[in-house]
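This report introduces one protein model to a reader who has not met it before. It takes up a pair of helices and then the disulfides.

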Amino acid sequence: MKKLAMALAMTALINGTALQAAETAPCIPPEQAEDLVTYLLPAALDAAGTKCATNLPPSAAMLQTDSAQYAKYRHSAEQAWPGAKLVIGVLAGDKFPKDMDLDAVRPMIDAMIPTMIAQEIKPGDCETIDQFYTLLEPLPSANLASLTVLIIQQATDKKDKDPLNICKMKEE
C-alpha cells in the first residue's frame, strides 16, 4: 500500500524534482496534498491500466475506464486542479519560471504524469494494484485522497523524506 500511495504522490514531477523541492520548500497543507492526489487519480488509473492491460483479465476493475466511478474520479480531478496546481508550483520550485501560467502548460503536465507513473509500475505489481483499486473504488475521491495522504504521512518515518513535505498534523 505504501508503494502505491507513494507512486501516486510522487508523480508530480518525479525525476527528483519533487524530492528536491520538499527539502527546501515549506510544507504543503494536507488539504492541498489531497487536491494533488485527487487530480492525479485518473492519470494514475490510466497509467496502471495501460501498463497492466496484458497482466490482468479484461474484467479487472482497474481496466473499466467507462465505469460511473471512473467518471466521478475524472470530475473530481477537474475540481481539484486549482489546488493541485499550487502544489505542482511548490514542488517545481525554481524549475518553472515564477510567472509561468500552469494552466497554459497543463496539457504537458497531463501528458507527462501517466508516463511517469507507468515507469514506476512493475508487471508484478499489477494484481496488487488492481486489488487495492477494487477495494477502494467505492470510496469518493475525497476519501481516497485523504486516505492516501494519511498513508504517506504515517508510512514516512523520521529518517525518510516525505516526497511531498506534507505538513504534520498538530498535536492536541
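In which kind of crossing does α3 pass α4, left-handed or right-handed? In this model, which is predicted, helix α3 passes helix α4 in a left-handed crossing. Helix α3 covers residues 30–52 and helix α4 covers residues 68–92, and the two pack with their axes 6 Å apart at an angle of about 125°. Angles between 115 and 145 degrees fall outside the roughly perpendicular and roughly antiparallel ranges, and α3 and α4 are therefore oblique to each other. As for the residues that make up the contact of α3 with α4, 16 are nonpolar, four are polar and three are charged.

**The disulfides**

The structure holds two disulfides. When the bonded cysteines of the protein are numbered in sequence order, their pairing reads 1-4, 2-3. The table sets out the two bonds with their computed values.

| Disulfide | S to S distance | Torsion about the S-S bond |
|---|---|---|
| C27 to C167 | 2.0 Å | about 95° |
| C52 to C126 | 2.0 Å | about -80° |

The disulfide of C27 and C167 is right-handed, because the torsion about its S-S bond is about 95°. This pair links distant parts of the chain, with C27 lying in the loop between α2 (17–24) and α3, C167 lying in the segment after α7 (141–155), and their positions 140 residues apart. Are its two cysteines buried or exposed? C27 has a relative accessible area of 37% and is partly exposed, whereas C167, with a relative accessible area of 15%, is buried, since the cut-off for buried is under 20%.

The disulfide of C52 and C126, by contrast, is left-handed, because the torsion about its S-S bond is about -80°. This pair also links distant parts of the chain, for C52 belongs to helix α3 while C126 belongs to helix α6 (residues 126–136), and the two are 74 residues apart. C52 counts as buried at 0% relative accessibility, and C126 likewise counts as buried at 0% relative accessibility.

Helix α3 thus appears in both parts of this account, for it packs with helix α4 and also holds C52, which is paired with C126 of helix α6. The other disulfide involves the loop that lies between α2 and α3, where C27 is found.

Methods. Residues are numbered from 1 along each chain as its sequence is written. This is a predicted model: local features need pLDDT of at least 70, side-chain atom pairs count only at pLDDT 80 or more; totals for chains, interfaces and linings use all residues. Side-chain values use heavy atoms; hydrogens and water are left out. Axes are lines fitted to C-alpha atoms, for helices over the stretch in contact, and angles run from 0 to 180 degrees between N-to-C directions. Helices (H or I, at least four residues) and strands (E, at least two) are DSSP runs, numbered from the N terminus. Angles under 35 degrees count as roughly parallel, over 145 as roughly antiparallel, 65 to 115 as roughly perpendicular and the rest as oblique. A crossing is left-handed if the near helix is turned anticlockwise from the far one by less than a right angle, and right-handed if clockwise. Ala, Val, Leu, Ile, Met, Phe, Trp, Tyr, Cys and Pro count as nonpolar, Asp, Glu, Lys and Arg as charged, and the others, Gly among them, as polar. A disulfide is a pair of cysteine sulfur atoms within 2.5 Å. Buried means under 20% relative accessible area, exposed over 50%, partly exposed in between (1.4 Å probe, protein chains only).
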